[in-house]
Amino acid sequence: MNLILFGPPGAGKGTQAERLKAAHGLAHLSTGDMLRAAVKAGTELGKQAEAIMAAGKYVSDGIVVGLVEERIEQPEAANGFILDGFPRTLPQAEALDRMLQKHGKELDAVIEFAVDDDVLVERVLRRAKESGGSRADDTRETVAYRLTVYHKETAPLLPYYGEKGILHRVDGMADIETVTREIQEILDKTGD
Ligand code: AMP
C-alpha cells in the first residue's frame with residue numbers, strides 16, 4: 001500500500017504517518033525529516049538546504065526527488081510507503097509518477113488533511129513550544145509564509161490527484177483518534 005498524506009504544515013500528517021507505519025509496516029518517508037537530518041549531519045545537501053528551510057521556502061525539486069527515490073527502493077518500503085510532505089509541486093508529482101512507473105509501483109490513495117489556516121498557525125507554534133522550539137522555521141511569521149507557499153505551490157496539485165480518482169479527504173481538525181479512524185475507513189474502501 002502506497003500513500004500520500006497531503007496537507008499544510010501542522011495538519012497532523014506526521015502523527016498519522018507514524019500510526020500508519022506502526023499499524024501496517026509501511027515506510028514513513030518525510031522529506032522534511034530527511035532534509036533536517038541532512039542539515040544536522042552537515043552534509044553538502046544539508047548546507048544547501050538549511051537557509052532555504054529556515055526561510056520557509058521550498059528546496060529545489062531535484063533535491064527532494066532524489067531523496068525520495070533513494071528511499072522507495074529500500075527494503076523498508078517493500079510493504080509500501082507513506083509520503084509526508086512530498087510531492088509539493090507539480091514537477092515533483094510528475095517525477096514521482098515516473099519514478100513509481102520505473103519501480104513498478106502504484107499509488108493507492110492520496111489523503112488530504114483539511115484544516116483552517118488560523119488553527120494551523122496556533123498548532124505549529126504550540127508544537128514548537130512543546131518540543132523545545134528546535135525548528136528554525138517555526139516562528140509565527142515563517143509559519144504564515146509556509147502556509148502562503150502551500151496554497152500557492154502545493155494545494156493546486158489536488159486536482160492532479162482528483163483526476164486520477166485516488167484523492168480522499170479527512171477532517172484534520174478532528175482529534176487524533178478520529179482522523180486515524182477516518183483514514184482507516186478510506187483504506188478499507190480502497191482495498192487495503
Ligand atoms: P516539513 O517538515 O514537511 O514541513 O518540511 C520542512 C521544510 O523542508 C519545508 O518548509 C521546506 O523548506 C523543506 N521541504 C520539505 N519537503 C519539501 C518538498 N517536497 N519540496 C520542497 N521543499 C521541501
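Is Glu69 buried or exposed? In this predicted model, Glu69 has a relative accessible area of 19%. The cut-off for a buried residue is under 20%, so Glu69 counts as buried.

## Overall architecture

The chain contains nine helices and five strands. From the N terminus onward, these elements are arranged in the order β-α-β-α-α-α-β-α-β-α-α-α-β-α. The radius of gyration is 16 Å, close to the 16 Å that the globule rule gives for 192 residues, so the chain is as compact as a globular protein of that length. Along the principal axes, the C-alpha atoms occupy a box of roughly 40 × 35 × 30 Å.

Of the 192 residues in the chain, 45% are buried. Contacts between residues at least 6 apart in sequence include a 73% share that joins residues at least 24 apart.

## Surface and charge

The exposed area of the chain is about 9700 Å², and 51% of this area comes from carbon and sulfur atoms. The chain carries 24 positive and 32 negative charges, and the mean positions of these two groups lie 4 Å apart.

## The surroundings of Glu69

Glu69 belongs to helix H4, which spans residues 61–72. Apart from neighbours within four places in sequence, the residues in contact with Glu69 are Met99, Lys102 and His103. With His103 there is also a polar contact, made between the two side chains at 3.1 Å.

## Thr31 and the loop after strand S3

Thr31 lies in helix H2, which covers residues 31–41. The relative accessibility of Thr31 is 2%, and this residue therefore counts as buried. When residues up to four places away in sequence are set aside, Thr31 touches Val64, Val68, Asp84, Gly85, Phe86 and Arg88. One of these residues, Gly85, offers its backbone oxygen to the side chain of Thr31 at 3.0 Å.

Phe86, which is among the residues touched by Thr31, is joined to Pro87 by a cis peptide bond with omega of about 0°. Pro87 is located in the loop that runs between strand S3 (81–84) and helix H5 (90–102).

Note on methods
Residues numbered from 1 in each chain as written. Predicted model: local features only at pLDDT ≥ 70, side-chain atom pairs only at ≥ 80, totals over all residues. Heavy atoms only, no water. Helix = DSSP H or I, 4+ residues; strand = E, 2+ residues; numbered from the N terminus. Rg over C-alpha atoms; globule rule 2.2 N^0.38 Å. Buried < 20%, exposed > 50% of the residue type's maximum accessible area, 1.4 Å probe, protein only. Contact = heavy atoms within 4.5 Å. Areas by Shrake-Rupley, 256 points an atom, 1.4 Å probe, with all protein chains shown as cover. Lys, Arg positive; Asp, Glu negative; His and termini not counted. Charge placed at Lys NZ, Arg CZ, Asp CG, Glu CD. Polar contact = N/O pair within 3.5 Å; in protein donor to acceptor, adjacent residues only side chain to side chain.
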